[in-house]
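Me: I am new to this structure and would like to go through it slowly, one question at a time. Please explain each term where it comes up.

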Amino acid sequence: MHSLLTGHGYDVAVYGTLDDAAGQLSEDVGAILVTEEALAVDLSGLHRALEAQPPWSDIPFILLAGRQAGRRATTEAVRRRLPASAINVVLLERPLSSESLLSAISSAIRGRQKQFEIRDRIADLDAQRLQLTVLLDHLPVGVAFVDAEGRTLLTNPAFRRFQPTGEVPSRTPEGEERWEGYEADGSRILRDRFVSARAIKGEIVPGIEFRFHRNETEAVWTRVSGLPLFDPAGKVTGAISVIVDIDEQKRAQQALTTFAQKLERKVAERTMALQDALTQVEVEAEQRKTVEAALLQSRKMEAVGQLTGGIAHDFNNMLTGVIGSLDIMKLRLSRKRYDDIDRFMDAATESALRAAALTQRLLAFSRRQSLDTKPTDINALVNSLRDLLLRTMGEQISVSILTHSEMPPASVDANQLENAILNLSINARDAMPSGGDLTIETSTVVLGDDYAREHPGVTAGQYTVVSVSDTGVGMDEELVEKVFEPFFTTKPVGQGTGLGLSMVYGFAQQSGGQVRVHSAVGVGTSVHIYLPVANAEVSETPDPGASPIHEGRGQTVLLVEDDDSVRLLIGDVLQELGYMSFAAAEPEAAIKFLESGQKFDLMISDVGLPGMNGRQLAEVARGHYPDLPILFVTGYAENAAVRAGFLGTNMAMITKPFQLDMLSAKILEILSPDLPSPS
């Protein structure tokens, strides 16, 4: 068994007893394989080791028990010999095949890996929450979050300067004594009209001035604002209270008023003594400048107070997303409920990232630029495809990437160029069934006026060149003349649409470039993509933001996916988007739906299916519904060739993993082919 597992790449440690193994338990253990005979001893050591594991850890056990006729109850008893803290247990009866054992171990390791991912995500979220806490602690304004009953949930140090207990003034016995504020009619503001009390009733309180009495002799001017918090149904769930210290501002205003009154008296008293009065006016003018500067500063402080109030409001939304998601995840983890936890992780991460970017957004505005055509570092783009090409080509094909040392940036859509290179590489792979050499090379060339005159549509100038060359079967001149014709293909029927090179040709033409093919039978083929040199340097492209989610209008979708989890995911997404879906786990079940007479507006199918592949199933579906739009779902690396030779009319493809907005946009695109493709 040890040789079997190590031969399949597992790092295996063998122990004579579970007590010995318990002493070696750590977070790095992927799974524990234990035989029934090893359970016939005291397992208290194992129990203590499992109890000492962190909350996220649930080490999988694979228990090998002997197979006996009518032994079901006995088998369950064997399983109960493990400590109660061993929850994640898979019981296998011996004898069993190596395939069954390896499958069980592989499944256990995948589950354990998911635990590691959860551990890392929780650590990241804790770090982000700490950063937000530090930022909140250093805000110059007091912030408090309260629930619908007015109980304090969170405060920062600036708030506790005024309320050391953290409670809002309306809930403290001395609230009305310490907080002196007045209504518009001049009456004293009572407890039930305090800001937080009004906010949890759903009222937005933009700012009320209060004198806060620290003690019998000291009072500080403040401005208190309140904002209610609502749930999606519009019910008030709490409020945020913001306290801004405006004491310096108020004192400056009072000083200005006092000084103005004093100045008027002095001018009246010294009218007769003009020279003295003029001298005094000059002095007082200088003093006025000082006071006006103080007033200007106070107004700036007021603006800062209003701004920080807005910031506090934004932080309320962000912190609610982080704190709420963390609380739900901790609750679910404590109950060992891991289903749907990624949704809360993503919500918390998104809120945290928004908070981290808030300060920078206050300093400058980002500028959007086109993502279709931009200066692109061709060498970097080609090198970034190395690993993908190595996996896609297979072991029989050698992949070489040769880059020119002084390549200027090209004016091109980087995503389309990547697709073009991948399409050409897949064609090259298909042309080398027995193996060979694939070479991706970059270079530059200057096309003169004579060349432009001989080739209509070509503009003279400097171009970057991306060449994809193979040592495959090659083509004769007659075939080379036809390779750019739409729907022309040398592949067997059903294995290619003939759109691959024509798509590359169209992309190059739209980019202001061209494509040239050189090939010889038995020698190989080279395809050269010419792209115009950009007039600007390569620059970072700002994130354009999330695409809108396009919802359906009740259209009927046939979903074919053999993976249970993916099928469930896409089915739920379709329902959320407003589509009605019928799900099939294999082509035979899908064909029964097609033969039932049920009308379908769209078929979504995985490419790799048991029995027949997704393209073959699409042909069957078109036999029932000739115009049925079809969207293939596939993995990128394993099925990159699909884009060049797999798609037919009104067919599209989306790669796993994808986001909800990507899927909704692709569905909208294929259901509405006459509309512009959503961005």
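Me: Helix α9 (residues 247-269) lies across which strands, and at what angle does it run to β8?
Reply: This is a predicted model, in which local features need pLDDT of at least 70 and side-chain atom pairs count only at pLDDT 80 or more, while totals for chains, interfaces and linings use all residues. Residues are numbered from 1 along each chain as its sequence is written, and side-chain values use heavy atoms, with hydrogens and water left out. Helices (H or I, at least four residues) and strands (E, at least two) are DSSP runs numbered from the N terminus, contact means heavy atoms within 4.5 Å, and axes are lines fitted to C-alpha atoms, for helices over the stretch in contact, with angles from 0 to 180 degrees between N-to-C directions. On these terms, helix α9 lies across β7 (205-213), β8 (219-230) and β9, and runs to β8 at about 130 degrees.

Me: Which strands stand at the edges of the open sheet of six strands, and why is one side of each left without a neighbour?
Reply: Two strands pair if DSSP finds at least two bridges between them, and the pairing in this sheet is antiparallel, in the order β5-β4-β9-β8-β7-β6. One side of each edge strand has no neighbour in the sheet because each has a single partner strand, and these edge strands are β5 (152-155) and β6 (179-180).

Me: Which residue of β9 stands opposite Ala 144?
Reply: Strand β4 (residues 142-147) is joined to strand β9 (residues 236-245) by six bridges, and the two run antiparallel. The residue of β9 opposite Ala 144 is Ser 241.

Me: What is the strand order in the open sheet of five strands?
Reply: Its pairing is mixed: six bridges join β11 to strand β13 (residues 436-447) in parallel, whereas ten bridges join β13 to β14 in the antiparallel sense. The edge strands, β11 (397-402) and β15, each pair on one side only, and neighbouring strands are turned against each other by 20 degrees on average, direction ignored. The order is β11-β13-β14-β16-β15.

Me: Which residue is the bridge partner of Ile 397 in β13?
Reply: In the parallel pair of β11 and β13, Ser 398 has Asp 437 as its bridge partner in β13. For Ile 397, the partner is Gly 436.

Me: At what angle does helix α14 (residues 414-430) run to β16?
Reply: Two helices lie across strands of this sheet: helix α13 (residues 386-393) lies across β11 and β13, at about 160 degrees to β11. Helix α14 lies across β11, β13, β14 and β16, and its angle to β16 is about 170 degrees.

Me: How many residues of strand β16 (residues 524-532) are buried?
Reply: Buried means under 20% relative accessible area, exposed over 50%, and partly exposed in between, with a 1.4 Å probe and protein chains only. Both faces of β16 are covered, with His 528 and Tyr 530 among the buried residues on one side and Val 527 and Ile 529 among those on the other. The count of buried residues is nine of nine.

Me: Which residue of β15 stands opposite Ser 526?
Reply: Strand β16 pairs in the antiparallel sense with strand β14 (residues 461-470) over eight bridges and with strand β15 (residues 514-520) over seven. Towards β14, Ser 526 is the bridge partner of Ser 469. Towards β15, the residue opposite Ser 526 is His 518.

Me: How far from Arg 112 is the nearest side chain of opposite charge?
Reply: Arg 112 is in helix α5 (residues 98-137), and its side chain has a polar atom 3.4 Å from the backbone oxygen of Glu 27. Lys and Arg count as positive and Asp and Glu as negative, with His and the chain ends not counted, and a salt bridge needs a side-chain nitrogen of Lys or Arg within 4 Å of a carboxyl oxygen of Asp or Glu. Arg 112 is buried and has no salt bridge, and the distance to that side chain, Asp 58, is 6.9 Å.

Me: What phi does Asn 650 have?
Reply: Most residues other than glycine have a negative phi. Asn 650, in the loop between α21 (642-645) and β21 (651-656), is partly exposed, with a relative accessible area of 27%. Although Asn 650 is not a glycine, its phi is positive, at about 55 degrees.

How values were computed
Polar contact = N/O pair within 3.5 Å; in protein donor to acceptor, adjacent residues only side chain to side chain.
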